[in-house]
Amino acid sequence: MRRMVRDEERYKVEDEEATKKVKAKNLFENYVYEMRERVKKVEKVVEETIEWLDRNQLAEIDEFEFKKQELKKNMQFL
């Protein structure tokens, strides 16, 4: 009987540790995928800005400054 109680307690601790490990892994995994999505969005915004720059080589100073501020603003939200 004592052995059964002792084994039950040991398995309970092991189960709790396994549950904590799975939870930590899932939280980390979710964070990694979230960061990957943010990086993709950043790449898209940067590529769009580069395309605009390529098409607007003769733009005025205020247009370049506006696009720069727009890019900075977009980066804050990603």
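This report walks through the salt bridges, an aromatic pair and a charged surface patch in the structure above. Please keep in mind that the model is predicted.

**Salt bridges along helix α1**

Let's start with the charged pairs. Side chains of opposite charge can pair when their charged atoms come close. How many salt bridges does the structure hold? There are seven, and the table sets out three of them.

| Salt bridge | N to O distance | Residues apart in helix α1 |
|---|---|---|
| Arg10 and Glu14 | 3.9 Å | four residues |
| Lys20 and Glu17 | 4.0 Å | three residues |
| Lys25 and Glu29 | 3.7 Å | four residues |

The spacing is worth a look in the viewer. Arg10 and Glu14 are about one turn of helix α1 apart, and about one turn also lies between Lys20 and Glu17. For Lys25 and Glu29, the separation is about one helical turn because they are four residues apart in helix α1.

How open are these side chains to the surroundings? Arg10 has a relative accessible area of 42% and is partly exposed; Glu14 is partly exposed as well, at 42%. In the pair of Lys20 and Glu17, Lys20 counts as exposed because its relative accessibility of 54% is over the 50% cut-off. Its partner Glu17, at 47%, counts as partly exposed. Glu29 is partly exposed too, with a relative accessible area of 32%.

**Where helix α1 meets helix α2**

Next comes an aromatic contact. A search of the whole structure turns up one aromatic pair. It joins Trp52 and Phe64, whose ring centres are 6.0 Å apart and whose planes stand at 85°, so the pair is edge-to-face. Trp52 belongs to helix α1 and Phe64 to helix α2, which covers residues 61-77, so the contact ties together parts that are twelve residues apart in sequence.

Is each of the two residues buried or exposed? Trp52 is buried, because its relative accessible area of 15% is under the 20% cut-off. Phe64, with a relative accessible area of 30%, is partly exposed.

**A patch of negative charge**

Finally, have a look at the surface around Glu51. Which residues gather there in a patch of negative charge? They are Glu43, Glu47, Glu51 and Asp54. Glu51 lies in helix α1, which spans residues 2-55. With a relative accessibility of 43%, Glu51 counts as partly exposed.

How values were computed: Residues numbered from 1 in each chain as written. Predicted model: local features only at pLDDT ≥ 70, side-chain atom pairs only at ≥ 80, totals over all residues. Heavy atoms only, no water. Patch = residues over 30% accessible without salt bridge, like charges linked within 9 Å, V, L, I, M, F, W, Y side chains within 5 Å. Areas by Shrake-Rupley, 256 points an atom, 1.4 Å probe, with all protein chains shown as cover. Salt bridge = Lys/Arg side-chain N within 4 Å of Asp/Glu carboxyl O. Lys, Arg positive; Asp, Glu negative; His and termini not counted. Charge placed at Lys NZ, Arg CZ, Asp CG, Glu CD. Helix = DSSP H or I, 4+ residues; strand = E, 2+ residues; numbered from the N terminus. Buried < 20%, exposed > 50% of the residue type's maximum accessible area, 1.4 Å probe, protein only. Phe/Tyr/Trp six-rings, centres within 6.5 Å; stacked < 30°, edge-to-face > 60°.
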